Amino acid sequence: MGELIYTAIQSLDGYIADEQGDFEWAAPGEEVHAFVNELTRPLGTHLYGRRMYEVLSVWERPDELPGMTEAMRDFADIWKAADKVVYSRTLDAVSTERTRLEREFDPEAVRALKESSERDLAIGGHHLAASAFRAGLVDELQLFIAPAIVGGGTPSLPSGVRLDVELVEERRFDGGMAYLRYRTG
């Protein structure tokens, strides 16, 4: 049975994007990117909301990205090899391989996907992750805390959800980024 893992890079004050939708302040350095790769490599399926999918779909064409590093190339290979499910009512079609489009988030379908999966699954995107948290589907949180306070924007974690968690791993990186991994109860 696979577990559902929520991973986010957030500001110190808890936002994944600022009030203008910018997240440049969260760009991982090479050390953090390589660490993210090792966390992502064993995952089988990624569940995305439309916006997160659109942001990450650039990894399908990594040669178009400026400043390509070894860790970035590795991430592109990992991302392209993974199965992806995009939840959107507005997206006409997906533009990447190994990707299917779902119009509605169905907690029971995700629960069945977890139960039938031999590998862990990832979930990304504020609204989609909030639905998974509310449905009690998230087994683990992997939070990268960027050394920035942005003052508002898109919150990393949903409001109105109460969840006891246990800190099981932490790590600090050069440049001030911190990693915290929590298990849900």
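Q: Which residue in β5 stands opposite Val 85?
A: This is a predicted model: local features need pLDDT of at least 70, side-chain atom pairs count only at pLDDT 80 or more, and totals for chains, interfaces and linings use all residues. Residues are numbered from 1 along each chain as its sequence is written, and side-chain values use heavy atoms, with hydrogens and water left out. β4 and β5 pair in the parallel sense over four bridges; two strands pair if DSSP finds at least two bridges between them. In β5, the residue opposite Val 85 is Arg 100.

Q: What is the bridge partner of Leu 47 in β4?
A: Helices (H or I, at least four residues) and strands (E, at least two) are DSSP runs, numbered from the N terminus. β3 and β4 run parallel and are joined by five bridges. Across from Leu 47, the partner in β4 is Val 85.

Q: How many of the five residues of β4 are buried?
A: Buried means under 20% relative accessible area, exposed over 50%, and partly exposed in between (1.4 Å probe, protein chains only). β4 is largely enclosed by the rest of the structure, because its buried residues number four.

Q: Which strands are the edges of the sheet?
A: The open sheet has eight strands, in the order β5-β4-β3-β6-β1-β7-β10-β9, with mixed pairing. An edge strand here pairs on one side only. The two edges are β5 (99-102) and β9 (165-172).

Q: What does the twist average from one strand to the next?
A: The sheet in question is the open one of eight strands. From one strand to the next, its twist averages 20°.

Q: Which residue in β10 stands opposite Ile 145?
A: Strand β7 covers residues 140-146 and strand β10 covers 178-184. They pair in the antiparallel sense over six bridges. Opposite Ile 145 in β10 stands Ala 178.

Q: How far does helix α3 reach from its first C-alpha to its last?
A: α3 spans residues 70-81, twelve in number. The expected span of a helix is 1.5 Å times one less than its number of residues. For α3 the expected value is 16 Å, and the reach is close to it, at 17 Å.

Q: Within what arc do the buried residues of α3 fall?
A: The buried residues of α3 are Ala 71, Met 72, Phe 75, Ala 76, Ile 78 and Trp 79. They line one face of the helix, because their directions, seen down the axis, share a limited arc. The arc is that of the directions from the helix axis to the C-beta atoms. Its value is 165°.

Q: What covers the buried residues of α3?
A: Contact means heavy atoms within 4.5 Å. The covering elements include two helices and two strands: α1 (30-40), α2 (50-56), β3 (45-49) and β4 (83-87).

Q: Which residues does Ala 82 touch, not counting residues up to four places away in sequence?
A: Ala 82 sits in the loop between α3 and β4. At 4% relative accessibility it counts as buried. Its C-alpha atom is separated by 7.0 Å from that of His 46, 36 residues apart along the chain. Ala 82 touches Gly 44, His 46 and Arg 98.

Q: At about what angle to β3 does helix α4 run?
A: Helix α4 holds residues 107-116 and lies across β1 (4-11), β3, β4 and β6 (121-124). Axes are lines fitted to C-alpha atoms, for helices over the stretch in contact, and angles run from 0 to 180 degrees between N-to-C directions. Relative to β3, α4 runs at about 160°.

Q: Which residues is Pro 107 in contact with, leaving aside its neighbours within four places in sequence?
A: Pro 107 belongs to helix α4. It counts as partly exposed, at 27% relative accessibility. Its C-alpha atom and that of Leu 137, 30 residues apart along the chain, are separated by 7.6 Å. The contacts of Pro 107 are Ala 135 and Leu 137.

Q: What is the angle between the planes of Phe 35 and Phe 144?
A: The structure holds eight aromatic pairs. Rings of Phe, Tyr and Trp (its six-membered ring) pair if their centres lie within 6.5 Å; planes under 30 degrees apart count as stacked, over 60 as edge-to-face and the rest as tilted. Phe 35 and Phe 144 are edge-to-face, 6.1 Å centre to centre, with planes at 75°.

Q: How many residues apart are Phe 35 and Phe 144?
A: Phe 35 is in helix α1 and Phe 144 in strand β7. Both count as buried, Phe 35 at 13% relative accessibility and Phe 144 at 1%. Their pair links distant parts of the chain, and the separation is 109 residues.

Q: How far apart are the ring centres of Trp 59 and Phe 75?
A: Trp 59 and Phe 75 are both buried. Their planes stand at 75°, so the pair is edge-to-face. The centres are apart by 5.0 Å.
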